[in-house]
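Dear colleague,

I am handing over a structure that you have not worked with before, and below it you will find my notes on what was found. Please read them with the model open beside you.

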Amino acid sequence: MSTEFTFKVLATDGKARRGEITMPRGTIRTPAFMPVGTGGTVKTMYMDQVRDLGADIILGNTYHLMLRPGAERVARLGGLHEFARWPHPILTDSGGFQVMSLSKLRKITEKGVTFRSHIDGAPYEMSPERSIEIQGLLDSDIQMQLDECTALPAKEREIERAMELSLRWADRCKTAFGDQPGKAMFGIVQGGDNARLRERSAQSLASLGLKGYAVGGLAVGEPQDVMLDMLDVTCPELPADKPRYLMGVGTPDDIVKSVARGIDMFDCVMPTRAGRHGLAYTRRGKVNLRNARHADDHRPLDEESDCPAARDYSRAYLHHLVRSQEALGAMLLTWNNLSYYQSLMQGLRDAIEQGRYAEHVAEVSEGWARGDI
Ligand SMILES: CNc1nc2cc3c(=O)[nH]c(N)nc3c(CCN)c2[nH]1
């Protein structure tokens, strides 16, 4: 187990990279999908299950945990890993995006963000320094800079203002984070759907010499081709020997296309949120178990899966659980969805090692297109 945070590219296939992040709490095989554990829990899952599905790292949220149960309280209780019984790496988002999407009466100034809690309306201030302090109290392994994510569509001058503010905040976060060998602080590239601003943001962040770089400001409603175009201009400006994390992405199709453009890490609520809404991800595409067509279908979701949720339960039973709003419905479909996402990532990692990434993507895409029989 290394005491340092290191990233190695083990193989490439075009722009796709098979890599490995080693850090004190464990190794992260990339391309990696991080299940979202917003409030210190991957909803409806035991942490042992999440690990057994192949997840090397999960995501936590500064915003939610600072509001409840409180960062100082988590620190007093031994940090987030001890609190949630997840001993492997944790990446925490910095809170800016969640403030903008969840809280009311929020204001952004040079100093930071002020906002009211979406839980009890209490007022809060969060500076770049406080965000890093909170992530330290959580004992987070990979900490994200505080940034401002511009909602799209937006005027160029608005995108530029937020991008430049985020750059100044990156510098302040780097100073606040200091030198923590076994941990990392990632910068976040902004710049909306503007190629020139994306390049400027990436180049400026690269000059900070950070341990990793996220691509933010995407998956905010823009068409997939716009997101992919922004990756085409951003990734080449980022150091090839550092991990690249595309925030909030995405569908299986988003992921395979983003890996092909040089992305190494992903997080997305889709597999977990969809599971709670009766939607299953499978190698033959999506299956909506709310649909009455499943009411008498004795087949499992995927007889070839090694996940019991996909292999051992009939669609009829899953349909019944979902329609009856039974907790087990959300549990089994979340289990199935995270299993599918992790098996997708394992397939991508293997394909890059074997130099057959394009062929593998064609195979999985054909499976989705064939649709669920
Ligand atoms: C679902 N789409 C999405 N886009 C994001 C952009 C940022 C982004 O630009 N910055 C930060 N800090 N987080 C983002 C997130 C949250 C990731 N868990 C995003 N999620």
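Where does Arg85 lie? Arg85 is placed in the loop that runs between α4 (80–84) and β6 (90–93). Please keep in mind, here and throughout, that this is a predicted model.

Backbone geometry

I begin with Arg85 because its backbone stands out on the list: Arg85 has a positive phi of about 60°, although it is not a glycine. As for its surroundings, Arg85 has a relative accessible area of 57%, and since exposed means over 50%, Arg85 counts as exposed.

Leu105 also has a positive phi, in this case of about 50°, and it is not a glycine either. Leu105 belongs to strand β7, which covers residues 104–108, and with a relative accessibility of 67% Leu105 is classed as exposed.

There are also cis peptide bonds to look at. One of them joins Thr30 and Pro31, with omega at about 0°, and Pro31 sits in the loop between β3 (26–30) and β4 (32–34). Another cis peptide bond leads from Val249 to Gly250, where omega is near 5°, and Gly250 is found in the loop between β13 (244–246) and α10 (252–259).

The ligand and its surroundings

Which residues are closest to the ligand? The ligand is surrounded by 15 residues, and the closest of them are Asp93, Asp147, Gly217, Leu218 and Ala219. Sorted by class, this shell is made up of 6 nonpolar, 6 polar and 3 charged residues.

Several polar contacts can be followed atom by atom. In the side chain of Asp147, an N or O atom lies 2.7 Å from a nitrogen atom of the ligand. Gln190 brings a polar side-chain atom to 3.0 Å from an oxygen atom of the ligand, whereas in Gly217 it is a polar backbone atom that lies 2.7 Å from an oxygen atom of the ligand. Taken on its own, the ligand has 440 Å² of accessible area, and the protein covers 88% of that area. The space that the ligand takes up is the largest pocket.

Positions to compare along the chain

The remaining notes concern residue pairs, for which the separation in sequence can be set beside the distance in space.

Gly96 is part of helix α5, residues 96–102, and is buried, its relative accessible area being 3%. Gly96 and Met144 are 48 residues apart along the chain, and their C-alpha atoms are separated by 10.0 Å.

Is His294 buried or exposed? With a relative accessibility of 0%, which is under the 20% limit, His294 counts as buried. His294 is located in the loop between β16 (285–288) and α12 (308–311), and although 22 residues separate His294 from Ala316 in sequence, the C-alpha atoms of the two are 5.3 Å apart in space.

Met331 lies in helix α14, which covers residues 327–353, and is partly exposed, with a relative accessible area of 33%. Between Met331 and Ala309 the separation is 22 residues in sequence and 8.8 Å in space, counted from C-alpha to C-alpha.

How many residues apart along the chain are Thr109 and Ala310? They are 201 residues apart along the chain, and their C-alpha atoms are separated by 48 Å. Thr109 is situated in the loop between β7 and β8 (113–116), and with a relative accessible area of 31% Thr109 is partly exposed.

If you would like a route through the model, you could begin at the ligand, with Asp147, Gln190 and Gly217, and then turn to the cis peptide bonds at Thr30 and Pro31 and at Val249 and Gly250.

With best wishes

Notes
Residues numbered from 1 in each chain as written. Predicted model: local features only at pLDDT ≥ 70, side-chain atom pairs only at ≥ 80, totals over all residues. Heavy atoms only, no water. Helix = DSSP H or I, 4+ residues; strand = E, 2+ residues; numbered from the N terminus. Buried < 20%, exposed > 50% of the residue type's maximum accessible area, 1.4 Å probe, protein only. Near = heavy atom within 4 Å. Polar contact = N/O pair within 3.5 Å; in protein donor to acceptor, adjacent residues only side chain to side chain. Areas by Shrake-Rupley, 256 points an atom, 1.4 Å probe, with all protein chains shown as cover. 1 Å grid on protein atoms, 1.4 Å probe; cavity = no way out; pocket = protein on both sides within 12 Å on 5 of 7 lines; lining within 4 Å. Sits in = over half its atoms within 2 Å of the grid points. Nonpolar A, V, L, I, M, F, W, Y, C, P; charged D, E, K, R; others polar.
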